[in-house]
Structure formats: C-alpha cells, structure tokens
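Thanks for asking me to look over this one. Could you keep the coordinates open while you read, so that each point can be checked against the atoms?

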Amino acid sequence: MIKEVAFFRIKKELLAEFEEAFHQAAHVIASVPGYINHSIHRCIETDTKYMIIVE
C-alpha cells in the first residue's frame, strides 16, 4: 500500500473555498486505480494548515 501525505497552508480568507474545492475534487481522488481512502485534517494549533492523506 502507498500512502501519500500532503501539507497545505491556506490564506485565512480562502479557507472555506479550499475545503469546498477539496470536497468537489474527492471523486477525482477516489477514481485513481488502487485508491483505498482519503482524509483531510485541519491543524488545531494553526487553523490555516491542512494535511491530506491518500491511501
């Protein structure tokens, strides 16, 4: 199994737009051959940081 982890810093004024775009892109992520799962996590300490994990 391959696990990809990506980190993003998003401008405060674009947080809602980023989350919506990720939600819309979820079907593209899920269509990749070998896809198992994906998740998005927002940092507690710095609310403009995100971590996306794709298996």
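The points below go from the overall fold to the helix, the salt bridges, the pocket and a few single residues.

1. **What kind of model this is.** Please keep in mind that this is a predicted model. The numbers in this note were computed from its atoms, with hydrogens and water left out of the side-chain values.

2. **Overall layout.** The chain contains 1 helix and 3 strands. Read from the N terminus, the order of these elements is β-α-β-β. The C-alpha trace spans about 35 × 20 × 10 Å along its principal axes. Of the 55 residues, 20% count as buried.

3. **The helix, its length.** How does the span of H1 agree with the value expected at 1.5 Å a residue? The 16 residues of H1 should span 22 Å, and the end C-alpha atoms are indeed 22 Å apart. There is also a bend to look at: H1 turns by about 35° at Gln24.

4. **The helix, its buried residues.** Leu15, Phe18, Phe22, Ala26 and Ile29 are the buried residues to look at in H1. A reminder that helps in reading that list: an α-helix has 3.6 residues a turn, so residues three or four places apart point the same way. Ala30, also in H1, has a relative accessibility of 35% and so counts as partly exposed.

5. **Salt bridges, the pair at the chain's two ends.** The structure holds 4 salt bridges. In one of them, the side chains of Glu55 and Lys3 meet with N and O 3.9 Å apart. Glu55 lies in the segment after strand S3 (49-54) and Lys3 in the segment before strand S1 (4-9), so this pair ties together parts that are 52 residues apart in sequence. With 52% relative accessibility, Lys3 counts as exposed. The cut-off for exposed is over 50%, in case you wish to check that label.

6. **Salt bridges, the network.** Which residues are linked in a network of salt bridges? They are Lys12, Glu19, Arg42 and Asp47. Within this group, Glu19 pairs with Arg42, their closest N and O atoms being 3.5 Å apart. Since Glu19 belongs to helix H1 (residues 15-30) and Arg42 to strand S2 (residues 38-42), the pair ties together parts that are 23 residues apart in sequence. Arg42 forms a salt bridge with Asp47 too, where the closest N and O atoms are 3.8 Å apart.

7. **Accessibility within the network.** Are these residues buried or exposed? In between: Glu19 is partly exposed at 35% relative accessibility, Arg42 is partly exposed at 39%, and Asp47 is partly exposed at 31%.

8. **The largest pocket.** Its volume is about 170 Å³. The lining is made up of Met1, Ile2, Lys3, Glu4, Ile29, Val32, Gly34, Tyr35, Ile36, Val54 and Glu55. By class, the lining residues divide into 7 nonpolar, 1 polar and 3 charged. Note that Lys3 and Glu55 appear in this list, and that these two residues form the salt bridge of point 5. Ile29, another lining residue, is one of the buried residues of H1.

9. **Loop residues.** Ile10 sits in the loop between S1 and H1, where its relative accessible area of 14% makes it buried. Its C-alpha atom is separated by 13 Å from that of Ile52, which is 42 residues away along the chain. Asn37 belongs to the loop between H1 and S2 and is partly exposed, with a relative accessible area of 38%. From Asn37 to Lys3 the C-alpha distance is 9.5 Å, with their positions 34 residues apart in sequence.

10. **Distances for a quick check.** Val5 is part of strand S1 and counts as partly exposed at 39% relative accessibility. The C-alpha atoms of Val5 and Ser31 are separated by 18 Å, the two residues being 26 apart along the chain. For Ala30 and Asp47, 17 residues apart along the chain, the C-alpha separation is 26 Å.

Key
Residues are numbered from 1 along each chain as its sequence is written. This is a predicted model: local features need pLDDT of at least 70, side-chain atom pairs count only at pLDDT 80 or more; totals for chains, interfaces and linings use all residues. On a 1 Å grid over the protein atoms alone, a cavity is a set of points where a 1.4 Å probe fits but cannot get out, and a pocket is an open set with protein on both sides within 12 Å along at least five of seven lines; lining residues have an atom within 4 Å of a point. Grid points are joined across faces, edges and corners, and a volume is the space filled by probe spheres set on the points. Ala, Val, Leu, Ile, Met, Phe, Trp, Tyr, Cys and Pro count as nonpolar, Asp, Glu, Lys and Arg as charged, and the others, Gly among them, as polar. Helices (H or I, at least four residues) and strands (E, at least two) are DSSP runs, numbered from the N terminus. Buried means under 20% relative accessible area, exposed over 50%, partly exposed in between (1.4 Å probe, protein chains only). The expected span of a helix is 1.5 Å times one less than its number of residues. The bend at a residue is the angle between axes fitted to the seven residues ending there and the seven starting there.
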